[in-house]
Amino acid sequence: MFRIAGKGSEKMQHYGKWLIRIAAVYALIGAMIGSDLAGRKDYTMVPGHAHILVVGWLSLFAYGIFYHIFKEIGMKRTAKLQAWSSLIGGGLMPLSMLIYYKIENTFTTLLFIVTASVLLLAIILFAVLVFFDKKIFARS
Ligand code: HEM
Ligand code: HEM
């Protein structure tokens, strides 16, 4: 049932560990922002709060668990790019959304678009991996 993991798979597990750790930090930040906006009734922060939790916490946690559990991945470069784009896109998009809903100008709009596009890339690459990688769901 268990396979001996090679060097490449250890590296992906390393990404998994960091995705889960960053997700844990986002859970904390998101819950604190939620408590703050609830207390102050500042509903401009709801989209930022929601995305910090559903993207920063839940999605990064899901990707992290994926890399922890699925040790054998054939498309290694795609997986590496997916891990980095989810760390950067998932990490920065919710924060840029939070800022955008507070201060709307050309810079914050561009920042929101760029970080959301990186997140979109991560979402697309994840779909590519689970549909086209030959090793992920292969039986040992
Ligand atoms: C200490 C914990 C939390 C507090 C105090 C809190 C507080 C709030 C408040 C006050 C709102 C605005 C509701 C409204 O529009 O009237 C909200 C919305 C939201 N929260 Fe939280 N929240 C917390 C944790 C979480 C967690 C753990 C998640 C997800 C894993 C989450 C996801 C969301 C989402 C998706 C929305 C938007 C809902 C919508 O658009 O209707 N929250 N939260
Ligand atoms: C490419 C990335 C994404 C963009 C640009 C985006 C943008 C948006 C926008 C503009 C809203 C409406 C906010 C408002 O004015 O109330 C929204 C709502 C929402 N999105 Fe996203 N989103 C993205 C990804 C995601 C993902 C990956 C999830 C779930 C994992 C998600 C979950 C939600 C939820 C639950 C709401 C309703 C909560 C709210 O009112 O803020 N979004 N999104």
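The following paragraphs describe the fold of one protein chain and the surroundings of its two ligands, as they appear in a predicted model.

The overall architecture may be taken up before the details. The secondary structure of the protein chain consists of four helices and zero strands. Read from the N terminus, the order of elements is accordingly α-α-α-α. Along the principal axes, the C-alpha atoms of the chain fill a box of roughly 55 × 30 × 20 Å. Of the 140 residues in the chain, 31% are buried. The contacts say something about how the chain is arranged: where two contacting residues are at least 6 apart in sequence, 78% of such contacts join residues at least 24 apart.

The database record may be set beside this picture. An unreviewed UniProt entry lists residues 18–38, 50–69, 81–101 and 107–132 under "transmembrane region". Two of these spans can be followed in the model. Residues 50–69 are 100% helix and 0% strand, and the C-alpha atoms at the ends of the span lie 27 Å apart. Residues 107–132 are likewise 100% helix and 0% strand, with 37 Å between the end C-alpha atoms.

Attention may now turn to ligand 1. Around this ligand there are 13 residues, of which Ala31, Gly34, Ala38, Ala50 and Leu53 come nearest. Helices α1 (7–40) and α2 each supply at least two residues of the shell. The greatest contribution is that of α2, which gives seven residues to the shell around ligand 1. Sorted by class, the shell has 10 nonpolar residues, three polar residues and no charged residues.

Ligand 2 has its own surroundings. The residues around ligand 2 are Val46, Pro47, Ala50, His51, Val54, Val55, Ser59, Met93, Ala116, Leu119 and Leu120. Here the helices that each supply at least two residues are α2 (46–69) and α4 (106–132). Once more α2 gives the most, with seven residues in the shell around ligand 2. By class, this shell has nine nonpolar and two polar residues, and no charged residues.

The two sites may finally be considered together. Ala50 is one of the residues that come nearest to ligand 1, and Ala50 is also among the residues around ligand 2. Helix α2 is the element that gives the most to the shell around ligand 1 and also to the shell around ligand 2. Alongside α2, helix α1 supplies at least two residues for ligand 1, whereas α4 does so for ligand 2. Charged residues are absent from the shell around ligand 1 and from the shell around ligand 2.

Definitions and conventions. Residues numbered from 1 in each chain as written. Chains lettered and ligands numbered in written order. Predicted model: local features only at pLDDT ≥ 70, side-chain atom pairs only at ≥ 80, totals over all residues. Near = placed C-beta within 6 Å. Nonpolar A, V, L, I, M, F, W, Y, C, P; charged D, E, K, R; others polar. UniProt positions renumbered as here; feature names shortened; annotations may be inferred. Buried ≥ 20, exposed ≤ 12 C-beta atoms within 10 Å, placed from the backbone. Contact = placed C-beta atoms within 7 Å.
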